[in-house]
Amino acid sequence: MTLWTIAQNDIKLTIKDKMFFFWLLVFPLIFIFIFGLAFRDMGTSDTQVTLNVLDKDKSHLSKTLIEELVTEKYVVEVFEKDEEISFRTLIIPEGFSKNVFAGEQIELKLVQEQGNSLEAMQSAYSHVLKAAIKILAKIVMVSPESPQDFEEKLPRLNWERRVILRTELGGEIKAIPAGYTHSVPSSTVVFILFTLLMYGGIILLEERRQGRLERIYLSPATFISIIGGKWLSRIIIGMFQVTILFLLGKFLFGIYLGPSLPALFLVSLFFCATISGMSMFFGSIIKKEEILIVFNILLANLMAALGGCWWPIEVVPKGMKTVSMLFPTGWIMDAYNKLIFFGFGLESVLINITVLIGFTALFLFLAIKFFKIRK
Amino acid sequence: MRHIPILVKKDFKRKWKNPVVIIGFMLIPLVFTFIFGIVFGGQDEETLPRITLLTVDNDKSLISNFLSTAMSQGELKKMIELKPLETEEEGRQLLNKGKASGLLLIPKNFGNDILDGKKAEVLLLKNPSEQFLPLIAEEITDTTTLILSSLLSVFSEEVDTIRGFIEMNNLPDIDISVLSVKVKNRFESISKYVFPPVISLKQETITEEGKEGTESITVHSYVLPAMAIMFLMFICNVVFSDILIEKETKTLLRLNVSRMSMTEFIWSKIVTSALIGMLCTFCLIGLGIGMFSIYWGNLFSVFLIVFCLNILIAGFIAFLYSFIKTELQAGAVLSSAILIMSLLGGSMMPVDNFPSFIQQISKLTLNYWGLEAFKMAMMNESFGQLLPILFGMVLAGILLSFISSYFIQKNLKKGLLK
C-alpha cells in the first residue's frame, strides 16, 4: 500500500511539471510527423519517379529508348535544349544511333542535381539500364543492316518478356517500416528513453537533494517500498506514453499495430521496466543534476541510434547489428519489427521478453544496490 | 560599456572552474559523428552492407542454375550474397527471423516452361522489416530475369532445337554439329553489339548548372557541423541560464547597486556566450580534423563562419530569454525551441529528405544557414557566395541581441526585488 502511495505521489509530481507534456506528447508527435514525412516514400517500389530526357540525337533509336522508359511509375519529360538539364536527367548524346548500329560504344549519362532523392536516382538508373538492355536485345534480334532497316523491321518484331519477376512481402502482414509505420514505433522508443531517463533520474536526485527521500524513509515506509514505488511510478509513466503514442499512431496516422496487442503491451512493459531501473541506477550514482542531464542525453541518443530507432537497422554493418543487441533498444525494436511488420504473435517475441526481463533484473539490482536515501 | 570585459572575465572564470557541462555538450557531437561514421561509413567507403538473398531452386535445371549464377557474378557478387537452400519452408523460416533481405523461389518446371515457349515466373519474397535492401535485391533480380528473357529471345531458334533434342532419345551427331555452328554464328553476329555492350550508362551528380561535383561531403563532415550547431545552442543556454541564477541568488541585485548598468550585464552574457561558443566551435573543428580528417575548406572562411554563427546563436538564445522569467520556464522553452529548430534545420537529418513545404520552414532556422555556410566552405565555394549568408547571420544576431537586451532588461528590473 505504501509502495502504491509513493508511486502515486511520484506520478503526481511528474505530471505537475509543465515540461512533462512536451516530452510525453508534443515532441514525440512533432518527431513522428516530421520523420514520417521524411521517410514516407522509402521502401515502396511504386512511388512515382520523375525522369527528364535530353534527346540530343533525335533519332528513331533514341525515340524507341524513350518509349521504353515510359511506364506508370516513371514520369518522363523530353527536352531538346542543353540548358534544360535539371533535377534528374538522362542525356542521350548526339550520334547515339549511328554509333550503336556501327557497333561502337556510346555512353548514356544520367545526371542528378545534388540534394535530390538518392533512392529515386538509383531507381531511375536501374530503369534506364533495363530499357537499354531491351533495346540491345531488340537490335540483336532484328540484326539490322542499317538504322532504317531497324526502323522498318522493329514493328514486326515479336519481343516479349518470358521470365517475369513477381514480388511479395514475407511474413503475415503486408507492410514495410516506411513513413509513419516506422516513425511511430521508433519515436515511441526514443521518447520513452528521454522521459524515463530524464524524469526518473532527475526527480530522484532532486528528492535526495531536498531531503524528501529522507523524510519518506523516516515514515513507516520501508526501503523496498520506496524503491518499488519509485520504480512502479516510472513504469506507469512509460506505459502511459506508449499507450498514448501507439493510439495516436493508429487513429491519427493510420498505422497497423500488429495482430497481437497483448504482446505489444507486454514487450513495451518490460522495456519500460528496464529503462525505469536504469534511470534510478544512474540517478543514484551521478551526483550533479547538470552532469546527469548531459549523461542522459548522450545515453538516450546512443541507445536509440545503436538500437535502430534513428535509421533502419538493415543499413548498418553486420557487426553493428550484433552491437545493437547489447542494448534494450535493439531488443524492443526487433520485437516491434516482428509484431508490427511481420505480423507475428506473442510466441515470436518470447526471447525478446526474456532478454528484457534479464535487463530489468540487472538494472533493478544495480538501482537497489546503489540507491541512496541521503545526499 | 567599460564593465563588460570585467563581467566577461568573471563569467569565463566561473565556467573554467566548472566546465563539465560544456565539455559534455561538446562531447555529444563527437560521439555522434563517430557512430554515424561507423554506421554509414566514412570517406568513400560503401554505405550499404552486402544484401543476403536466400534462393530455393525447385527446378534445378540448366536455366534456373543460370539465373542464380548470373546474380553472383562480377560486381553483383560484391553487393549480394546468395544463400542456396533446399526447401521453401527453410527459406521462409530464415526470412521470418530477419536473416535475409529476400527469398527467391524458382518454381518446378521453370526451365521446361521456358523451353516450351511459355512465360515463366519467379517469386521474390521481401523482408517486410527492411526498407532499402529488399528494393535493391528486387532491382538486381529483375534485371537478371530481363537479361535471361533477352537471351532466350535472341537464341529462341537454338532453344527450340535444344528442346527438340531433349525430346529425342537418340541425338544425331550431325544435328549437334549444326546447332554448334548456328550458336557460333549467332554469337559472332551479336558480338558487335554485346561484347562489350555498345550502350553504357554513367551516373553523375551536378552541384549547380552544368558543374560537376568535385568535393564530396562525407558522413563525418555532414554530421559534425550539424550536431555541433545544435549543441552550441545548448552551450550558449548554459551561459545564459546564469542570468536567472544570478537573479534568484540576488547576485544581480548586488551588481545593480554597483556602477554597472543592467545593459552592460546583459551584453556581457551575450558576449560571453558568443565567445565560449566560438571557442567550443574551434575545438570541435580541430577535433574533427584530428579524429575524422574532415576537410573544412578555406581557413579564413571557416573562421568567419564560426564568428558569425556564434553571434547569431548568442542573439537567438538571448532573444528566447526575453520571454523567460524563471528557470523552470527556461528548461521548458529553451530545450523545446532548440530541439524543434534543430529537427527542422537539418541537424538531425538532411533537409533534402523533407517535403518541400517543410524545406521552406527549414530556411527560417539558424541550423540551416549554419550548415549551408559550412557546406559551402567545404565545397570550396567562392567567398562572394558565402558573404551574403555571413552578413545575414551577423545582422540577425545583432538585431536579436538588441531586441533581447531591451526585453530582458525590462523583465529583470521587474523581478529584481521579488
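In what order do the five strands of the open sheet lie? The model is a predicted one, and a display by secondary structure is a suitable starting point.

**The sheet**

Select the strands in the order β5(A)-β4(B)-β3(B)-β1(B)-β2(B); together these five form an open sheet with mixed pairing. At its edges are β5 of chain A, residues 163-169, and β2 of chain B, residues 80-85, each of which pairs on one side only. From one strand to the next, the twist averages 25°.

Next, isolate β1(B), residues 51-57, and β3(B), residues 102-106. These two strands run parallel and are joined by five bridges. To inspect one bridge, select Asp57(B), whose partner in β3(B) is Ile106(B).

Now add helix α5 of chain B, residues 88-96. This helix lies across β1, β2, β3 and β4 of chain B, and its direction makes an angle of about 165° with β3(B).

**Where the sheet crosses between chains**

Move to β5(A) and β4(B). Seven bridges pair these strands, in the parallel sense. Within this pairing, select Arg166(A), which stands opposite Leu123(B) in β4(B).

Which residue of chain B forms a salt bridge with Arg166(A)? Show side chains: the partner is Glu121(B), with the closest N and O atoms 2.9 Å apart. In general, side chains of opposite charge can pair when their charged atoms come close. Across the interface of chains B and A, the rule finds five salt bridges, and 22 residue pairs are in polar contact there.

**The wider interface**

Colour the side of chain B that touches chain A. Helix α7 of chain B, residues 133-154, supplies the largest share of that side, with 17 residues. Classified by residue type, the side of chain B comprises 55 nonpolar, 25 polar and 15 charged residues.

Extend the selection to both chains: 95 residues of chain B and 97 residues of chain A take part in the contact. The two chains bury about 8,900 Å² between them, of which 68% is on carbon and sulfur atoms. In chain B, select Gln131(B), Ile199(B) and Leu201(B), which lose the most area to chain A and together account for 9% of what that side buries.

**A salt bridge within chain A**

How many salt bridges does the structure hold over all chains? The total is 27. For one within chain A, select Lys230(A) and Asp10(A), whose side chains meet in a salt bridge at 2.8 Å, N to O. This pair links distant parts of the chain, 220 residues apart: Lys230(A) belongs to helix α9 of chain A, residues 223-251, and Asp10(A) to helix α1 of chain A, residues 2-16.

Terms used:
Residues numbered from 1 in each chain as written. Chains lettered and ligands numbered in written order. Predicted model: local features only at pLDDT ≥ 70, side-chain atom pairs only at ≥ 80, totals over all residues. Heavy atoms only, no water. Pairing = 2+ DSSP bridges. Helix = DSSP H or I, 4+ residues; strand = E, 2+ residues; numbered from the N terminus. Axes fitted to C-alpha atoms, helices over the stretch in contact; angles between N-to-C directions. Contact = heavy atoms within 4.5 Å. Buried area = accessible area lost by both parts, 1.4 Å probe. Salt bridge = Lys/Arg side-chain N within 4 Å of Asp/Glu carboxyl O. Polar contact = N/O pair within 3.5 Å; in protein donor to acceptor, adjacent residues only side chain to side chain. Nonpolar A, V, L, I, M, F, W, Y, C, P; charged D, E, K, R; others polar.
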